[in-house]
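Work through the following exercises with the sequence and the model open side by side. Each task is followed by a solution that proceeds step by step.

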Amino acid sequence: ASSTQCCVTMSPVSLTAATSSDEEDDSDSSTKPIRSEKKKSPASLFQTGGDPPKEKKSKKKVPPKGAESEEETSETLQKNSNKKGKAKKSKKKEERPPSPVIEVENLEEFVLQPAPQGVTVKCRVTRDKKGMDRGLYPTYYLHLDNDKKVFLLAGRKRKKSKTSNYLISIDPTDLSRGGENFIGKLRSNLMGTRFTVFDNGANPDRANADWSNVRQELSAVVYETNVLGFKGPRKMTVIIPGMNADCERVPIRPRNDNDGLLMRWQNRNMDNVIELHNKAPVWNDETQSYVLNFHGRVTHASVKNFQIVHSSDPDYIVMQFGRVADDAFTMDYNYPLCAVQAFAIALSSFDGKLACE
């Protein structure tokens, strides 16, 4: 059993809660972040520079249909708490709330826009290993996890690249660097422990006079090696640009390799930069594994399962990712992430030097 432990490091929920009843599963699909009233609003957690956001009454949006109220989510949390013993069955079967209706009119615009505040964008990642070289270079597809299963993004590792380099496209069939559907890329260092996510802008070497066309860095991911190598729970740090007072991403356009998100983070130059971490799983003696509460959205144990949070509010899940089948994963993200950022962070967890199936 010990040899397989690395692959069971982050089981989806305590197994008693996960398998106690079908009724539980039905009502556990909520991934709405749970916040206590005293904590800061998500907008202020991610704001950098400028004046703090003004309390505009008109900004208070009514949650969309399918978004759960805080009372409902607190009930769900209690139901999912990883207590030993079987969870009590609720007498009244609750209906599974539908995902909020998300309109994707302009795909390119949508995948780069932060998630609307108060809405969890629920997605599914599928991995295609079929074909001659897809065993080595699978294609990954991102769809909205709703009735329409709207396609959002595709990603694939480039061949003949010294470091891991994934192209991200808004067309499932065109994954070329020069194509008009290229929307971003994920690039790793030689060790495969640090990753940077770029949009589709130009390399600084080909900049306009005013630098307006230069690519933005959308996020960076750092995997920490522990004493056991990568056995045991992974430790991830995610670095993203901050948001301005209008809740828009602050553009980070490095002019050289010494000015990117990773270097700023390393030098603790955190102006307009936000640091996030994966939520530490808790060891469960009963299941002999590390557990995290995914509220029914993750069903298979995997070292790849993770939740990303801000240290000031660990209950607000910025992003979560986890296995639901051999080649299928759920990926849910909240403000301030956009689909490209979340998908690229998920792709980094598949990379060969980290992978432990």
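**Exercise 1: a charged patch**

The residues E103, E105, E108 and E109 form a negative surface patch; locate E108 within the secondary structure and classify its exposure.

Solution. The model is a predicted one, in which local features need pLDDT of at least 70 and side-chain atom pairs count only at pLDDT 80 or more, whereas totals for chains, interfaces and linings use all residues. Residues are numbered from 1 along each chain as its sequence is written, and side-chain values use heavy atoms, with hydrogens and water left out. A patch of this kind takes residues with over 30% relative accessible area and no salt bridge, like charges being joined within 9 Å and nonpolar side chains (Val, Leu, Ile, Met, Phe, Trp, Tyr) within 5 Å. Asp and Glu count as negative, Lys and Arg as positive, while His and the chain ends are not counted. E108 sits in helix α5, which spans residues 107-112; helices (H or I, at least four residues) and strands (E, at least two) are DSSP runs, numbered from the N terminus. With a relative accessible area of 36%, E108 is partly exposed, a class lying between buried (under 20%) and exposed (over 50%), with a 1.4 Å probe and protein chains only.

**Exercise 2: the neighbours of β2**

Determine which strands pair with β2, in what sense, and over how many bridges.

Solution. Begin with the strand itself: β2 covers residues 121-128, and six of its eight residues are buried. Strands count as paired if DSSP finds at least two bridges between them. One partner is β15 (residues 328-333), which runs antiparallel to β2 and is joined to it by six bridges; here V125 has F329 as its bridge partner. Another is β3 (residues 139-144), also antiparallel to β2 over six bridges, where C123 stands opposite L144.

**Exercise 3: backbone geometry in loops**

Describe the peptide bond from Y335 to P336, and state the sign of phi at K149 and at H295.

Solution. The bond from Y335 to P336 is cis, with omega near 10°, and P336 belongs to the loop between β15 and α7 (339-350). K149 has a positive phi of about 50° although it is not a glycine; this residue lies in the loop between β3 and β4 (151-157) and is partly exposed at 44% relative accessible area. For H295, likewise not a glycine, phi is positive at about 50°. H295 occupies the loop between β12 (289-291) and β13 (306-310) and, at 9% relative accessibility, counts as buried.

**Exercise 4: salt bridges across the chain**

How many salt bridges does the structure hold, and which parts of the chain do the pairs D327 with R127 and D145 with R297 link?

Solution. The structure holds six salt bridges, each being a side-chain nitrogen of Lys or Arg within 4 Å of a carboxyl oxygen of Asp or Glu. In one of them, D327 meets R127 with the closest N and O atoms 2.7 Å apart. This pair links distant parts of the chain, since D327 lies in the loop between β14 (313-325) and β15 and R127 in strand β2, 200 residues apart. D327 is partly exposed at 29% relative accessibility, whereas R127 is buried at 9%.

Next, D145 forms a salt bridge with R297, the closest N and O atoms being 2.9 Å apart. D145 in the loop between β3 and β4 is thereby linked to R297 in the loop between β12 and β13, 152 residues apart. Both D145 and R297 are buried, and a network of salt bridges links these two residues with D332.

How values were computed. Accessible areas come from the Shrake-Rupley method with a 1.4 Å probe; for residues, only the protein chains shown count as cover. The place of a charge is taken as NZ of Lys, CZ of Arg, CG of Asp or CD of Glu.
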